[in-house]
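Colleague: I have just opened my first protein model and would like to learn how to read it. Could you walk me through it?

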Amino acid sequence: MAGDLPLTRNAVSPGTTAAIRAAVRAATQMGESRLARLEDAGGLFALLSDPLVHAPIYTLPRPLTEASVAAFIAMHLEERAAGEGLLFVREGEDGQVLGYSDVQVWPDWGAGELGGALHPSLHGKGAGGRGAAASFAWMFEVLGLDLLCETAALDNVPTQRMLDGLGFRRMGETLSTRPDGTTRASLVWEMTRAEWAAQHGFG
């Protein structure tokens with residue numbers, strides 16, 4: 001997550017901030033995905049080890065090991081307790097981790113960001129776009145957010161097309177900082193709750 005996000009910062013009321021934090025702490029499921037647990041470290045590491053999965057994502061730990069993935073899960077459990085983040089995993093019928101979703105929340109701004117990836121076997125089938133759209137709607141409806149702020153690498157064309165196609169507004173560029181301190185130039189998009197409702201509706 002870049003330190004200067006979201007770009008648009010409209011402070012919400014203390015009551016709204018508290019409600020968002022409470023919603024994050026209460027969340028256990030997002031669509032077909034459930035909260036990640038420490039015992040998911042091995043399965044999530046197996047998913048993330050594929051360069052097709054981890055290469056475009058700047059928020060993942062470096063170096064990428066099962067231990068660092070376990071720490072990544074633990075960090076998100078702490079964020080959930082603070083009402084500021086969630087990590088979900090999607091499992092196949094055999095228990096294999098086929099995807100993950102990383103939800104970051106800025107309660108004071110009523111804003112959030114969604115990251116994540118799917119197993120390569122699910123690429124090119126529209127599952128990523130459908131899942132992202134459902135997750136964005138969930139963040140507005142269940143967490144009560146007013147704004148979503150998304151980023152993508154300059155060469156991550158699939159994500160750029162997905163965000164453009166969903167009607168997110170391009171806001172320019174920012175410098176995203178990886179956990180190891182290195183940086184990456186990222187394009188930035190935003191979408192308000194009102195804009196989502198007008199373009200996609202709810203329910």
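Modeller: Happy to! Let's begin with one side chain: Trp138 has a relative accessibility of 11% and therefore counts as buried, since the cut-off is under 20%. Keep in mind that this is a predicted model.

Colleague: Which ring does Trp138 pair with, and how do I describe such a pair?

Modeller: A pair of aromatic rings is described by the distance of the centres and the angle of the planes. There are 5 aromatic pairs in the structure. In one of them, Phe88 and Trp138 have ring centres 5.7 Å apart and planes at 85 degrees, so this pair is edge-to-face. Phe88 belongs to strand 3 and Trp138 to helix 5 (residues 127–141), so the pair ties together parts that are 50 residues apart in sequence. Phe88 is buried too, with a relative accessible area of 0%.

Colleague: What kind of pair do Phe136 and Phe168 form?

Modeller: A tilted one, with 5.0 Å from centre to centre and 55 degrees between the planes. Phe136 sits in helix 5, and Phe168 in the loop between helix 6 and strand 7, so parts 32 residues apart in sequence are tied together. Phe136 counts as buried at 1% relative accessibility, and Phe168 is buried at 5%. Both belong to an aromatic cluster with Phe140, Trp196 and Phe202.

Colleague: Now the sheet. In what order do its strands lie?

Modeller: Strands of a sheet pair through backbone hydrogen bonds, either parallel or antiparallel. Here, an open sheet of 8 strands has the order 1-2-3-4-5-6-8-7, with mixed pairing. Strand 1 (29–30) and strand 7 (169–177) are at the edges with a single partner strand each, so one side of each has no neighbour in the sheet. For a closer look, take strand 3 (residues 85–91) and strand 4 (residues 97–106): they run antiparallel and are joined by 7 bridges. Val89 stands opposite Tyr100 in strand 4.

Colleague: Which strands does helix 4 lie across?

Modeller: Helix 4 lies across strand 2 (33–35), strand 3 and strand 4, and runs at about 130 degrees to strand 3.

Colleague: And at what angle do helix 1 and helix 4 pack?

Modeller: Two packed helices are described by the angle between their axes and the distance between the axes. For helix 1 (residues 14–26) and helix 4 (residues 66–82), the angle is about 135 degrees and the axes are 7 Å apart. The two helices are therefore oblique to each other. Among the residues that meet are Arg21 and Val24 in helix 1, and Arg80 and Ala81 in helix 4. The contact residues divide into 4 nonpolar, no polar and 3 charged.

Methods
Residues numbered from 1 in each chain as written. Predicted model: local features only at pLDDT ≥ 70, side-chain atom pairs only at ≥ 80, totals over all residues. Heavy atoms only, no water. Axes fitted to C-alpha atoms, helices over the stretch in contact; angles between N-to-C directions. Helix = DSSP H or I, 4+ residues; strand = E, 2+ residues; numbered from the N terminus. Parallel < 35°, antiparallel > 145°, perpendicular 65-115°, else oblique. Contact = heavy atoms within 4.5 Å. Nonpolar A, V, L, I, M, F, W, Y, C, P; charged D, E, K, R; others polar. Pairing = 2+ DSSP bridges. Phe/Tyr/Trp six-rings, centres within 6.5 Å; stacked < 30°, edge-to-face > 60°. Buried < 20%, exposed > 50% of the residue type's maximum accessible area, 1.4 Å probe, protein only.
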